[in-house]
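Student: I have a model on my screen and some terms to sort out. Can we go through them one by one?

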Amino acid sequence: MLTVVHHVYGAWLYATPWRLHVVGLAVVAGALILGASAASVTYRSVGLAVFTLLTAAIPVGWLGAFEGLYSHVLKDLLFLAGASPQVMGRLFPASVYSLPDDLLFELTGVLQVPIAAWVVRSHWRILREWLRARSVTAGWEAGR
């Protein structure tokens, strides 16, 4: 939801309707992740594998690392540190990026990083529990 709000607001704020394509991608990605999560109840290994791959690629890789960390945290830090216009233009071309000038837009972008970190932590717990259950089951079956 944060990604949807961020991109809709950015499209309106900067008159860049091309940002709205992310809304559709986020909705489809969310539906796929929810579907994989539901599938992991019945088809545990396959569902969990798909859920893990989608989670790593979309909320962690795309939204957390690229959108949040690169497109906002790094951009904001370099801007606040006084990076030259040449450096900012090379890393963040004006055709795609805007220099930090709106607190809400930057904040909703930066907030994707701690959310992605929370997703990694939560997902790691799910995987650890799954691995623990498998090792217990494997040990039990080996003892039969």
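Tutor: This is a predicted model, and we will take a helix and then two pockets.

Student: How do you know that helix α3 is not straight?

Tutor: Compare the spans. Helix α3 covers residues 44-80, and a straight helix of 37 residues would span 54 Å at 1.5 Å a residue. The end C-alpha atoms of α3 are only 47 Å apart. There is also a kink of about 45° in α3, centred on Leu 69.

Student: What follows α3?

Tutor: Gly 82 does, with a positive phi near 85°.

Student: Why is the largest space called a pocket?

Tutor: A pocket is an open set of points with protein on both sides within 12 Å along at least five of seven lines, so this open space counts as one. Its volume is about 480 Å³. Of its 22 lining residues, the closest to the centre include Met 1, Ile 33 and Val 119. The largest share of the lining, seven residues, comes from α6.

Student: What makes residues of that lining nonpolar, polar or charged?

Tutor: The residue type decides. Asp, Glu, Lys and Arg count as charged. The lining of the largest pocket has 16 nonpolar residues, six polar and no charged, so it holds none of those four types.

Student: How many charged residues are in the lining of the second largest pocket?

Tutor: Three, beside seven nonpolar and six polar. Among the residues nearest its centre are Arg 19 and Glu 67. Arg and Glu are on the charged list, so both residues count as charged. Here α3 gives the most to the lining, with six residues.

Technical notes: Residues are numbered from 1 along each chain as its sequence is written. This is a predicted model: local features need pLDDT of at least 70, side-chain atom pairs count only at pLDDT 80 or more; totals for chains, interfaces and linings use all residues. Side-chain values use heavy atoms; hydrogens and water are left out. Helices (H or I, at least four residues) and strands (E, at least two) are DSSP runs, numbered from the N terminus. The expected span of a helix is 1.5 Å times one less than its number of residues. The bend at a residue is the angle between axes fitted to the seven residues ending there and the seven starting there. On a 1 Å grid over the protein atoms alone, a cavity is a set of points where a 1.4 Å probe fits but cannot get out, and a pocket is an open set with protein on both sides within 12 Å along at least five of seven lines; lining residues have an atom within 4 Å of a point. Grid points are joined across faces, edges and corners, and a volume is the space filled by probe spheres set on the points.
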